[in-house]
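Colleague: Could you take me through one helix pairing in this model, with the criteria spelled out as you go?

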Amino acid sequence: FLIVFRNNQAYARFWEGATLIHQIRGEWFNATSSLFSFCSHKEENAEEVEKFKQFLTRLMSLLYCSALQQVCDLEDDSLEILEM
């Protein structure tokens, strides 16, 4: 009985953590898309707005990477960063 209880409890903790990670990702995605909605839609600012959107996307991506590094259990504690 004790082994089954501990196994179920560990399984529940794992899924709670996975759910919270997905919730954080979703909330940051919502924050990013909300900031995108406030960007100018004028044609003369299109290039500057596009650069801002790319920069904001990279910042949010780094924020998510930093959060994952806080909770990951890797030996070298590093995640691959892709250059764009």
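Modeller: Helix α1 (residues 2-37) and helix α2 (residues 46-71) pack at an angle of about 165°, with their axes 11 Å apart; helices here are DSSP runs of H or I of at least four residues, strands being E runs of at least two, numbered from the N terminus, and axes are lines fitted to C-alpha atoms, for helices over the stretch in contact, with angles running from 0 to 180 degrees between N-to-C directions. This is a predicted model, in which local features need pLDDT of at least 70 and side-chain atom pairs count only at pLDDT 80 or more, while totals for chains, interfaces and linings use all residues. Residues are numbered from 1 along each chain as its sequence is written, and side-chain values use heavy atoms, with hydrogens and water left out.

The two helices α1 and α2 are therefore roughly antiparallel (angles over 145 degrees count as such, under 35 as roughly parallel, 65 to 115 as roughly perpendicular and the rest as oblique). The contact, meaning heavy atoms within 4.5 Å, is made on the α1 side by Ile 21, Arg 25, Trp 28, Ala 31, Thr 32, Leu 35 and Phe 36, and residues of α2 that take part include Lys 53, Leu 56, Met 60, Tyr 64 and Val 71. By class, the contact of α1 with α2 has 12 nonpolar, 2 polar and 2 charged residues, where Ala, Val, Leu, Ile, Met, Phe, Trp, Tyr, Cys and Pro count as nonpolar, Asp, Glu, Lys and Arg as charged, and the others, Gly among them, as polar.

Within α1, Thr 32 is buried, with a relative accessible area of 10% (buried means under 20%, exposed over 50% and partly exposed in between, with a 1.4 Å probe and protein chains only). Leaving aside neighbours within four places in sequence, Thr 32 is in contact with Leu 56 and Met 60, and both of these appear among the buried residues of α2, which are Val 49, Leu 56, Met 60 and Cys 65. What covers those buried residues of α2 includes α1.

Tyr 64, also placed in helix α2, counts as partly exposed at 22% relative accessibility; not counting residues up to four places away in sequence, Tyr 64 touches Ile 21, Arg 25 and Trp 28. Elsewhere in α2, Glu 50 is partly exposed, with a relative accessible area of 41%.
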